[in-house]
Amino acid sequence: MPQLLLEIFSEEIPARMQQGAARDLERMATERLKAAGLTWDGLTTYAGPRRLTLVVDGLPAATPDREDEMKGPKASAPEQALEGFLRKTGLTRDQLVERDGVLFAVISQQGQATPGLIPGMVDQIIRNFPWPKSMRWGSRTLRWVRPIKRILCIFDGHVVPFEIDGIPSDAITEGHRFMGSGAPFAVSDFVDYRHKLEREHVLIDVADRKLRILEQAKAACAAKGLSLVDDDGLLDEVAGLAEWPTPILGDMDPQFLALPPEVVRLSMKVHQKYFAVRDPAREGLAPNFLVVANVEATDGGKALAAGNSRVLSARLNDARFFWDEDQKVGFDAWNAKLSGVTFHAKLGTLAERVERIAALAREIAPLVGADADQTETAARLSKADLASGMVGEFPELQGVMGGYYARLAGQPDAVADAIRDHYKPQGPADTVPTAPVTVAVALADKLDTLVGFFAIDEKPTGSKDPFALRRAALGVIRLVLDNGVRINLHHLGVEHAKRLTGGDHLNVIEKVEGLLNFIEERLKVSLREQGFAHDQAEAAFATVGTTAIFIDELVARLKALAAFLATDDGANLLAGYKRASNILRAEEKKGPLPTGMVRTGLPNQPEPETALAFAVGAAQTAVDIALDAEDFAAAMTALAALRAPVDVFFTDVLVNSDVAEERENRLKLLGQVRDVMGKVADFGQIAG
């Protein structure tokens, strides 16, 4: 079947925008093809430094003829209603069809040739493309990320003729800016297009560019006995900078290896887009770098490597200046500067935030087995490097540089490590600290952020989370769970809110409980991503109050509940619970349910009723003991003992007996079944 090939050829597209543009092109083309009534077998988009490409395989030559049926008024409807329907459909009365006294309009629509639909589709895509930033050029009204030079549009081997703001479509494209022939050339389809572009030193697929970079970069390093330092983010970026990427290994002045490796790597990455290189035979970086050029140099890249080495030396000299100057200043001067830096208008300066973190960290220290004095010291020094020259140049190194400077200042390793790592974890892929002092400071840092912004009602809304509170909440959750620590978040939150607001205000508890609900929702999201059912999480969490939220307890409850429901006893008891709840709910509509003790030994009382009464009593005792010990598996085992007597009860006993005394006693018994199960989880929230 016919193929559509579209290429929008322009000046250089910023690398950071390319993959988003490929996704947007795919989405917009899909929407417009569907709106036109077209089907297809495959749709692929490509993005590179100078072109966006769309390939749609298996398009029909034309859209099919269509017949749409529209229901109208009854045949007996007033004339005014009929006239309105005729105006809407554009038909006459004799063209309507009557079925069962109702009028229908059958509207036929003849199919359209696909080439006739493509110009409008392309025009809409180009004019409405959602670039983060766009520009106009010359006298044109069209906006694009960079000036468009050509539009290639071929359907079934033929040019689809149209013009957009003075740019005509054709079957012509261009190769590499420097290594190509320099002459535009025609193509007939995607295979021809891709083949000729590769001959002209252009790889249109970003996956091919990445593979070429990695293979040649690793080969260049291996030839010198070195290894490439992997950096996926940098790989994504450089793959968008070169149409024919060519890795070149260069030499760096070894004296710069005296700088922290993070500084060297960041200088290479941020300013020059270079990969760092290491020597497998020794620790740390090698005095080399790897640059990805957009040309194959005739001298094998020697001149390029030398030129880039000089530029890198200039950059690293700047970094060395900051490194040397920072060591002359020190923590006292940096902390003094924080008094003049506003953290948030309603939350004070960074210096005030440090005081809060230090107090909270000292409170958390004994809960995680950390030395309180070291923890407070680390907290007081944790934000100082924000005033350093190096972090001013490279904000990504906050914390990291503080750790280095703390060691140079003679601080213990535990303190230096806590300063370095207290921002962690910053995302799902980030490691979780395990050193007690670091855990205490990291928790204090994140809890201060959460309590502070909830106290001033700066909560996340929808997709907006300007202060990264969701990330902070997930950080707290991971720190607690991965380290197996027991922390009463309600107590800590209330005490810290008092510290922050200067006293016990009436709304402090309300704000903290709102924060705890927020953390609980983040925990549910995290657990759902791990495969736990949302309804089971709701059921497990519903029985825990907000005055003593322990994250580890919530997770333990959920794991025990999920394991119980996966058994036959759990599934059948859940069915019995729902049956009991339905009966009780129906009775509640008639009036208050009977309360009090369940009686045994009544005249003619069925044995299954007596057996269930004793089983419920035993289960209540066992569940209470298990919950006090936080042995949730044992609590589920106690509930499992109810499965058989509940099943027999519903099989052999009539709840709604004509004898009022029997009916009342049995309703009490079902109420006790519901209550004892409700101590462990809210089974009513579980689907099924």
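Let me start with helix H19, residues 534-541, which is mostly covered: six of its eight residues are buried. This is a predicted model, so please hear every value as computed from that prediction. Which residues of H19 are buried? They are Gln 536, Ala 537, Glu 538, Ala 539, Ala 540 and Phe 541. These buried residues pack against H18 and against helix H20, which covers 551-565.

Helix H18 comes back when we turn to the aromatic rings. The whole structure contains 16 aromatic pairs. As a reminder, a pair of aromatic rings is described by the distance of the centres and the angle of the planes. One of the pairs is Phe 129 with Trp 131, at 4.9 Å centre to centre and 45° between the planes, which is tilted. Both Phe 129 and Trp 131 are buried.

Now to the pair that involves H18. Why is the pair of Phe 454 and Phe 518 called tilted? The ring centres are 5.2 Å apart and the planes stand at 50°, and tilted pairs are those that are neither under 30 degrees nor over 60. Phe 454 sits in helix H15 and Phe 518 in helix H18, residues 508-529, so this pair links distant parts of the chain, 64 residues apart. Are these two rings buried or exposed? Phe 454 has a relative accessible area of 4%, so it is buried. Phe 518 is at 13%, and because the limit for buried is under 20%, Phe 518 counts as buried as well.

There is also a cluster of rings. Ring pairs link Trp 323, Phe 331, Trp 334, Tyr 404 and Tyr 405.

Next, the nonpolar cores. The largest one has 134 residues, and the members that touch the most others are Ile 364, Leu 450, Leu 639 and Phe 683. Helix H15, residues 436-455, provides the largest share of this core, with 12 residues. Let us look at Phe 683 by itself. Leaving out residues up to four places away in sequence, Phe 683 touches Leu 561, Phe 564, Leu 565, Leu 574, Tyr 577, Lys 578, Leu 639 and Met 677. A second core, separate from that one, has 38 residues, among them Ala 22, Ile 125, Trp 137 and Ile 167.

Another buried position is Leu 669, in helix H25, residues 660-678. The relative accessible area of Leu 669 is 0%, so this residue is buried. What does Leu 669 touch, apart from residues up to four places away in sequence? The contacts are Val 598, Glu 609, Leu 612, Ala 613, Val 616 and Phe 649. For a sense of distance, take Leu 669 and Asn 483, which are 186 residues apart along the chain: their C-alpha atoms are separated by 43 Å.

Now for the empty space. Rolling a probe the size of a water molecule over the atoms shows where empty space is left. The largest pocket found here has a volume of about 710 Å³. It is lined by 28 residues, and the closest to its centre are Glu 262, Arg 265, Glu 396, Leu 397 and Val 400. Three elements each supply at least two lining residues: helix H7 (261-272), strand E15 (275-278) and helix H14 (413-421). Which of them gives the most? H7 does, with six residues. By type, the lining divides into 13 nonpolar, three polar and 12 charged residues.

Last, the backbone. Most residues other than glycine have a negative phi, and most peptide bonds are trans. Here are some exceptions in this model. A cis peptide bond joins Lys 424 and Pro 425, with omega at about -10°. Pro 425 is in the loop between H14 and H15.

Lys 273 is not a glycine, yet its phi is positive, near 60°. Lys 273 lies in the loop between H7 and E15. Its relative accessibility is 24%, so Lys 273 counts as partly exposed.

Asp 457 is also not a glycine and has a positive phi of about 60°. Where is Asp 457? The residue is in the loop between H15 and helix H16, which spans 469-483. Asp 457 has a relative accessible area of 48%, and since exposed means over 50%, Asp 457 is classed as partly exposed.

How values were computed
Residues numbered from 1 in each chain as written. Predicted model: local features only at pLDDT ≥ 70, side-chain atom pairs only at ≥ 80, totals over all residues. Heavy atoms only, no water. Core = buried A, V, L, I, M, F, W, Y, C linked by side-chain atoms within 4.5 Å. Buried < 20%, exposed > 50% of the residue type's maximum accessible area, 1.4 Å probe, protein only. Helix = DSSP H or I, 4+ residues; strand = E, 2+ residues; numbered from the N terminus. Contact = heavy atoms within 4.5 Å. 1 Å grid on protein atoms, 1.4 Å probe; cavity = no way out; pocket = protein on both sides within 12 Å on 5 of 7 lines; lining within 4 Å. Points joined across faces, edges and corners; volume = space filled by probe spheres on them. Nonpolar A, V, L, I, M, F, W, Y, C, P; charged D, E, K, R; others polar. Phe/Tyr/Trp six-rings, centres within 6.5 Å; stacked < 30°, edge-to-face > 60°.
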